[in-house]
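Let's take a walk through this protein together. Have the sequence and the model open side by side, and we'll go from one feature to the next.

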Amino acid sequence: MEACTTSCTRLDPIDKAGLEALKKAGIENPDVIKTIKCKTVAKGKFRHENYIRNLPPYIVDEPPTLLGEDTAPNPSEAVLAALGSCVAVGIHANAVDQDIVITNLEVLVEGDLSITAVWGTGDLSDKPLGMTDVRLKINLSTNKDEATNKALIDKAIKYSPVVNTLLRNVNVKVD
């Protein structure tokens, strides 16, 4: 984390007026819950098309070591991408809210995952399933000092929907 003290290229900021409107709506309606949806369609082998809103399909596949064709991130990598993106969005939104100019923002995310259970077909001994450890390294350069940058990161982590989803037990219901 560093302050940009010379001529630096500014990260294109989000719309501050739009952010203010979102803030106001959140304060005025604190109990609103939004349901988000994704439809996943298996296309053969381990390739899947994921339909979200009216966007083109988001492809998920597996690497060759997991019998996929390596055409897209695998589901666990997609979780890491969602985490990194959510943290970056939070940092960016809070920077705009506080009139902080970001010149560089990178979130490096890695997770430790046992794959020996092979989706319930391999080693089924008692051990943790899913990622056991996730690490984030954030490279952030702004027009402020390191303490301000750290506070910006800490706030983004605290209020990240994806971080909080990963940190707590979530009710998963299968119909």
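Which residues lie nearest the centre of the largest pocket? They are Ile36, Cys38, Ile52, Ala82 and Val162, and they belong to a lining of 26 residues. Keep in mind as you look around that this is a predicted model. The space in that pocket comes to about 1300 Å³. Strand 4 (58-60), helix 2 and helix 4 (161-167) each bring at least two residues to the lining. Helix 2 gives the largest share, with seven residues. As for how such a space is found at all, rolling a probe the size of a water molecule over the atoms shows where empty space is left.

Now zoom out for the overall layout. The protein has four helices and six strands, and reading from the N terminus the elements go β-α-β-β-β-α-β-β-α-α. The C-alpha trace spans about 55 × 35 × 30 Å along its principal axes. Of the 175 residues, 23% count as buried.

Helix 2 deserves a look of its own. This helix has 23 residues and reaches 33 Å from its first C-alpha to its last, close to the 33 Å expected at 1.5 Å a residue. At its N-terminal end sits a cap: a side-chain oxygen of Asn74 lies 3.0 Å from the backbone nitrogen of Ser76. Past the other end comes Asp99, which follows helix 2 and has a positive phi, near 55°.

Next, the inside. What makes up the largest nonpolar core? Twelve residues do: Leu83, Val87, Ile91, Ala95, Ile100, Ile102, Ile138, Leu140, Leu152, Ile153, Ala156 and Val163. Helix 2 (75-97), strand 6 (131-142) and helix 3 (146-159) each supply at least two of them. Helix 2 again has the largest share, here four residues. That kind of grouping fits a general pattern: in soluble globular proteins, nonpolar side chains tend to be buried together.

Turn to the charged side chains, where there are ten salt bridges in the count. One of them joins Asp97 and Lys23, with 2.7 Å from N to O. Asp97 lies in helix 2 and Lys23 in helix 1 (residues 16-28), so this pair ties together parts that are 74 residues apart in sequence. Are the two partners buried or exposed? Something in between: Asp97 is partly exposed, with a relative accessible area of 23%, and Lys23 is partly exposed too, at 33%. The pair also has company, since a network of salt bridges links Glu20, Lys23 and Asp97.

Another salt bridge is a local affair. Glu28 and Lys24 meet at 3.8 Å, N to O, and both lie in helix 1, four residues apart, which is about one turn of the helix. Glu28 is exposed, with a relative accessible area of 51%; the cut-off for exposed is over 50%. Further along the chain, Asp175 and Lys173 form a salt bridge at 3.8 Å, N to O. Asp175 counts as exposed at 88% relative accessibility, and Lys173 counts as exposed at 72%.

Finally, have a look at some loops. Most residues other than glycine have a negative phi, and a couple of loop residues go the other way. Leu67 is not a glycine, yet its phi is positive, about 70°. Leu67 lies in the loop between strand 4 and helix 2 and counts as exposed, at 63% relative accessibility. Val118 has a positive phi as well, near 45°. You'll find Val118 in the loop between strand 5 (102-113) and strand 6, where it counts as partly exposed at 31% relative accessibility.

One more loop residue to click on is Phe46, between strand 2 (39-44) and strand 3 (47-51). At 28% relative accessibility, Phe46 counts as partly exposed. How far apart are Phe46 and Ser160 in space? The distance is 30 Å, C-alpha to C-alpha, for two residues that are 114 apart in sequence.

Notes. Residues are numbered from 1 along each chain as its sequence is written. This is a predicted model: local features need pLDDT of at least 70, side-chain atom pairs count only at pLDDT 80 or more; totals for chains, interfaces and linings use all residues. Side-chain values use heavy atoms; hydrogens and water are left out. A nonpolar core is a set of buried Ala, Val, Leu, Ile, Met, Phe, Trp, Tyr and Cys residues joined through side-chain atoms within 4.5 Å. Buried means under 20% relative accessible area, exposed over 50%, partly exposed in between (1.4 Å probe, protein chains only). A salt bridge is a side-chain nitrogen of Lys or Arg within 4 Å of a carboxyl oxygen of Asp or Glu. The expected span of a helix is 1.5 Å times one less than its number of residues. A polar contact is a pair of N or O atoms within 3.5 Å; within protein, one must be able to donate a hydrogen and the other to accept it, and residues adjacent in sequence count only if both atoms are side-chain atoms. On a 1 Å grid over the protein atoms alone, a cavity is a set of points where a 1.4 Å probe fits but cannot get out, and a pocket is an open set with protein on both sides within 12 Å along at least five of seven lines; lining residues have an atom within 4 Å of a point. Grid points are joined across faces, edges and corners, and a volume is the space filled by probe spheres set on the points.
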